[in-house]
There are 2 protein chains.
Amino acid sequence: MSRIEDVALAAGVSTATVSRALRGLPKVDERTRERVLAAAARLEYVASPTASSLASGKTRVVGVVVPYVTRWYFANLVAGASRVLRAHGYHVLLLDVGENGPGRSMVIDRQTLGKRVDAVLVLQLQLHDIETELLHQLRIPVVTVGTRAGPWGVVRIDDVDVATTATDHLIGLGHTDIAYVGGEPAPHLDFVTPTLRRRGFELAMEGHGLRVPARRLITSDWTLRGGLAAGERLLQARRPPTAVFAASDEIAMGVLVAARRLGLDVPSELSVIGIDDHEMALAFDLTTIRQPVPEQGECAARVLLQALAAGTDVDQDTEVLLDTELVVRGSTGPGHHHGP
Amino acid sequence: MSRIEDVALAAGVSTATVSRALRGLPKVDERTRERVLAAAARLEYVASPTASSLASGKTRVVGVVVPYVTRWYFANLVAGASRVLRAHGYHVLLLDVGENGPGRSMVIDRQTLGKRVDAVLVLQLQLHDIETELLHQLRIPVVTVGTRAGPWGVVRIDDVDVATTATDHLIGLGHTDIAYVGGEPAPHLDFVTPTLRRRGFELAMEGHGLRVPARRLITSDWTLRGGLAAGERLLQARRPPTAVFAASDEIAMGVLVAARRLGLDVPSELSVIGIDDHEMALAFDLTTIRQPVPEQGECAARVLLQALAAGTDVDQDTEVLLDTELVVRGSTGPGHHHGP
DNA sequence: CTGAAAGCGCTTACAG
DNA sequence: CTGAAAGCGCTTACAG
């Protein structure tokens, strides 16, 4: 592959001029620029990213840290961010923390990120102190999605509000015995989201004078399988709740499968609401709170790009709150009332 | 951040020795190595990847080209590959072609890949000639997953065989009027997989002396939504088929939703089989052919790593065929027979 | 086993 | 508007 030197020779200018002309810098004579462009095209020249990174200190790569890329929510965040970043000439280094505890330590560390990326996007992960400190030392723009994880900008939805809205929907339908099934992440993945959603649930219940016994708070991982297990546990009890608020649609779908297996009719015997408006929610006729997922990735990428363009850090007060929307489908309806 | 020079000074050796000691090269005195290691640790030194790439010509980055990372299949391939690559010290540059036509041209090009990656993993994409040629010019190891896309190693399942097995299952249950709903990618994403699966379907039908009228071959995109549309079209006809073979589980789930909407009982009035054993297949009680997805990603990564370690290309005859398995659930059963 | 020096291929003040 | 030269921070023959 040709080097800048070859282009310089072919165009009859210095390498400095080639560099300037190709990057569109001002103060290059139009005719000179054209000659350089022509020579570069003829030689199929592309600047070595590695060399220009070393010289300029910029890599044009953004690290995207994701707990697990196989979840619908995360894959869509990544897709959204990746689209925007690529459109602006940035590449995505995918840092998939993965399901395994040990993996985590290898992702947000100096070895991985040092001098390798111009900025970092952290998706939902609650960072350890040592990771926060490292990101700080790196002195590069950082944005988190989903939750504030440090002194950086954040793009998110209002989880407490979302949970309150979902719970209010159930209460409005007449339900009083409502269970919460919330994500419990692997120990090494510290999300704060499930806690916020539970708090919203509890606030709504309290606001209506409803008690929430401990047995109505179930933990589950973020998968359909987890929701299924939680649902079976919950619905096989002597007195099952009449409604379930699940912290995600995948969990909610699991609860619906459990209900189907146990022969419970939805919604006459059990109402279920989730959060996300997952691609499959329609298929399950699932009532849910829609959140814009790829848009959150896109938005976070734009915030990052802005800082990158300005050569500044992301203002740590930056907080973009995206709208959510109650989508009523067939999985929720008026509830039965147990006697006192 | 400290440079190699700082470590050399602190350890009282040359930068060359630091470089050798830190990379574990032989012919370094043990005591020297220890001194260097200690100094490096004290200074929190990490070699600048950009500088060492420029000097060595190796980036320790693998480009992973994926049509869209939001599909279950692709997200799982990426997760599998990423896990193995990171375990071996390689990073993943995510090249998400995305849903938009124009995006494609920006991914497999010199601008993106030139000198930026040590190897490339291509997932399912059928490459254009110009892309094939570029990958060739790059002179780096390439492996494709899912389909042979050029003179490179491939990791895949036997799509024709899988489709035949699925079709035989339906025929074995007594079905004779079977429709195929197959993926039709966006025009710029040229998959060959749907064609292979259709061929397997047709082979099985022919093998049993069954005709396949054109109206029994339906195209659909690879989503539940696509399967739903195809299913509605198919099942609203005067004489719907008694069974459907869908080219993927997501499509199959869409067909199931269509059946439910139209009030058709599964499996007594309609049998449906898919391919994948998608995470949600269980919830739909879907009969399917299971394929190991993350394992295909892991396997492809290993083939790449082997070539990288050997400093060779991947032998273009390399072909790893992974096993699949029929998983019978409740969505298939004996079919009705229409009169002649 | 170790070091001096060249070289990887760019970008960027600094002069002019 | 353009060029000569230094410098980015490593690795790698080549000597010794």
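The following exchange concerns a predicted model and considers how chains A and B relate to each other and to DNA strands C and D.

Colleague: What rotation superposes chain A on chain B?

Modeller: In this predicted model, the superposition leaves an RMSD of 0.1 Å, and the shift along the rotation axis is 0.0 Å. That is the relation of a two-fold axis. The C-alpha of chain A nearest the axis belongs to Leu93(A), at 2.3 Å. The rotation that superposes chain A on chain B is 180 degrees.

Colleague: How many residues of chain A are in contact with chain B?

Modeller: Contact here requires C-beta atoms, placed from the backbone, within 7 Å. On the side of chain B, 38 residues take part. Of the interface residues of chain A, 100% are also interface residues in chain B, so the copies meet through the same surface. The number of residues of chain A in contact is 38.

Colleague: Which element supplies the largest share of the side of chain A that touches chain B?

Modeller: At least two residues each come from α4, α5 (72-87), β2 (91-96), α7 (110-113) and α12 (249-261) of chain A. By class, this side of chain A holds 19 nonpolar, 11 polar and 8 charged residues. The largest share, 7 residues, comes from α5(A).

Colleague: What is the bridge partner of Leu94(A) in β2(B)?

Modeller: β2(A) is joined to β2 (residues 91-96) of chain B by 3 bridges, and the two strands run antiparallel. Within β2(B), the partner of Leu94(A) is Val92(B).

Colleague: Which element gives the most to the surface near DNA strand C?

Modeller: Among the 24 residues around DNA strand C, those that come nearest are Ile4(A), Ala16(A), Ser19(A), Ser52(A) and Ala55(A). Two or more residues each are given by α2 and α4 of chain A and by α2 and α4 of chain B. The surface divides into 11 nonpolar, 8 polar and 5 charged residues. With 5 residues, the element that gives the most is α4(A).

Colleague: And which element gives the most to the surface near DNA strand D?

Modeller: Around DNA strand D there are 25 residues, of which Thr32(A), Ile4(B), Ala16(B), Ser19(B) and Ala55(B) come nearest. In both chain A and chain B, α2 (15-22) and α4 (49-56) each supply at least two residues of this surface. Its residues comprise 11 nonpolar, 9 polar and 5 charged. The element that gives the most, with 5 residues, is α4(B).

Notes: Residues are numbered from 1 along each chain as its sequence is written. Chains are lettered from A and ligands numbered from 1 in the order in which they are written. This is a predicted model: local features need pLDDT of at least 70, side-chain atom pairs count only at pLDDT 80 or more; totals for chains, interfaces and linings use all residues. A residue is near a molecule or strand if its C-beta atom, placed from the backbone, lies within 6 Å of it. Helices (H or I, at least four residues) and strands (E, at least two) are DSSP runs, numbered from the N terminus. Ala, Val, Leu, Ile, Met, Phe, Trp, Tyr, Cys and Pro count as nonpolar, Asp, Glu, Lys and Arg as charged, and the others, Gly among them, as polar. Copies are superposed by least squares on the C-alpha atoms of residues with pLDDT of at least 70 in both. Two residues are in contact if their C-beta atoms, placed from the backbone, lie within 7 Å. Two strands pair if DSSP finds at least two bridges between them.
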